[in-house]
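Subject: Structure handover

Hello,

Here is the structure we talked about. Please open it first, then read my notes below.

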Amino acid sequence: MKTTVVDHPLAQQALTRLRDQDTDRAAFRSAMDDLAVLLVYEATRSLRTEPVEVTTPLTSTTGAKVAEPPMTVPVLRAGLGLLPGVLRLLPDSPTGFIGVARNEETLQPEPYMNSVPADLGGRDVLVLDPMLATGGSLVHTCTILRDRNPGRLVCVCVLAAPEGVAALESSGLAEELVVGSIDDHLNEHAYIVPGLGDAGDRLFGTA
Ligand code: PRP
Ligand code: URA
């Protein structure tokens, strides 16, 4: 699995706003939106383009457009925080939704929704989930997707713990991980440290 840590200064600035416990909900959503754009820029580097003719005010020339936009799959709830920024850059991308809640006692993923088509026809998929902690939720999501004839599975995360990166890597399910930071460790409640807290709660309030 190729792993890219996006250490661009603007990405690190947005991530710092997300980490700050004094960032309120509106500012948290806005920082997540900024970071989504920077992460998807990296995550789409290898997309194929096709030539298109374009007329400028001066002449005609050949431009480019993305040949087949990837499907975007936000992992509910927190993945929704990344979706608007991603769809701004990929407006023709179809979106499927996977709902998984981590059971905070067993740490096992509990699925509650899946609207991904049965056959993806080889289309690449961007899996959006801000937090890769134990890896249970993303491995569960990628297992579902891998059964549906995808192209490349690229996971887009804000933060990861080393334990989550290792779990995703050893699952062999995803071709690529694009992430804002690989943090230090998981605490005794399997929260990422230093982290940013509970991403879903900070975006949408306590579930
Ligand atoms: C969070 C997060 C990931 C998961 C990461 O979601 O958005 O999906 O936990 O933990 P893991 O790697 O140990 O599985 P959560 O289950 O809290 O649901 P939410 O998005 O609805 O808040
Ligand atoms: N889920 C979160 O939202 N944050 C963590 O640190 C771990 C799991």
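G197 meets ligand 2 through its backbone: an N or O atom there lies 2.8 Å from a nitrogen atom of the ligand. Please keep in mind that this is a predicted model. I192 also uses its backbone, with a polar atom 2.8 Å from an oxygen atom of ligand 2. At A199, a backbone N or O atom is 2.9 Å from an oxygen atom of ligand 2. On its own, ligand 2 has 240 Å² of accessible area, and the protein covers 89% of it.

The residues around ligand 2 are R102, M131, A133, A190, Y191, I192, G197, D198 and A199. By class, that shell holds six nonpolar residues, one polar and two charged. Where does ligand 2 sit? In the largest pocket.

Now ligand 1. The space this ligand takes is the largest pocket. β5 (98-102), β8 (131-132) and α4 (136-146) are the elements that give two or more residues to the ligand 1 shell. Which of them gives the most? β5 does, with three residues.

There are 16 residues around ligand 1. R77, R102, D129, T134 and S137 come nearest. The shell divides into seven nonpolar, five polar and four charged residues. R102 is listed around ligand 2 and is also among the nearest residues to ligand 1.

Three contacts to oxygen atoms of ligand 1 deserve a look:

- R102: a backbone N or O atom lies 2.6 Å from an oxygen atom of ligand 1.
- R77: here a polar side-chain atom is the partner, 2.8 Å from an oxygen atom of ligand 1.
- A78: a backbone N or O atom is 3.0 Å from an oxygen atom of ligand 1.

How much of ligand 1 does the protein bury? Taken alone, ligand 1 exposes 500 Å², and 92% of that is buried by the protein.

Next, the backbone. Most peptide bonds are trans, and most residues other than glycine have a negative phi. Three places are worth checking against that.

The first topic is R77 again. A cis peptide bond joins L76 and R77, with omega at about -5°. R77 is placed in the loop between β4 (71-76) and α3 (83-89). So the residue whose side chain has a polar atom 2.8 Å from a ligand 1 oxygen also takes part in a cis bond.The second topic is V193 and P194. These two are joined by a cis peptide bond, with omega at about 5°. P194 is found in the loop between β12 (192-193) and α6 (199-204).

The third topic is L107. L107 is not a glycine, yet its phi is positive, about 65°. L107 is found in the loop between β5 and β6 (109-114).

Last, the overall picture. The chain has six helices and twelve strands. Along the principal axes, its C-alpha atoms fill a box of roughly 60 × 40 × 30 Å. Does the radius of gyration agree or disagree with a compact globule? It agrees, because a compact globule of 207 residues would have a radius near 17 Å, and the chain has 17 Å.

Best wishes

Key:
Residues are numbered from 1 along each chain as its sequence is written. Chains are lettered from A and ligands numbered from 1 in the order in which they are written. This is a predicted model: local features need pLDDT of at least 70, side-chain atom pairs count only at pLDDT 80 or more; totals for chains, interfaces and linings use all residues. Side-chain values use heavy atoms; hydrogens and water are left out. A residue is near a molecule or strand if one of its heavy atoms lies within 4 Å of it. A polar contact is a pair of N or O atoms within 3.5 Å; within protein, one must be able to donate a hydrogen and the other to accept it, and residues adjacent in sequence count only if both atoms are side-chain atoms. Accessible areas come from the Shrake-Rupley method with a 1.4 Å probe; for residues, only the protein chains shown count as cover. On a 1 Å grid over the protein atoms alone, a cavity is a set of points where a 1.4 Å probe fits but cannot get out, and a pocket is an open set with protein on both sides within 12 Å along at least five of seven lines; lining residues have an atom within 4 Å of a point. A molecule sits in a cavity or pocket if more than half of its atoms lie within 2 Å of its grid points. Ala, Val, Leu, Ile, Met, Phe, Trp, Tyr, Cys and Pro count as nonpolar, Asp, Glu, Lys and Arg as charged, and the others, Gly among them, as polar. Helices (H or I, at least four residues) and strands (E, at least two) are DSSP runs, numbered from the N terminus. The radius of gyration is taken over C-alpha atoms; the globule rule is 2.2 Å times the number of residues to the power 0.38.
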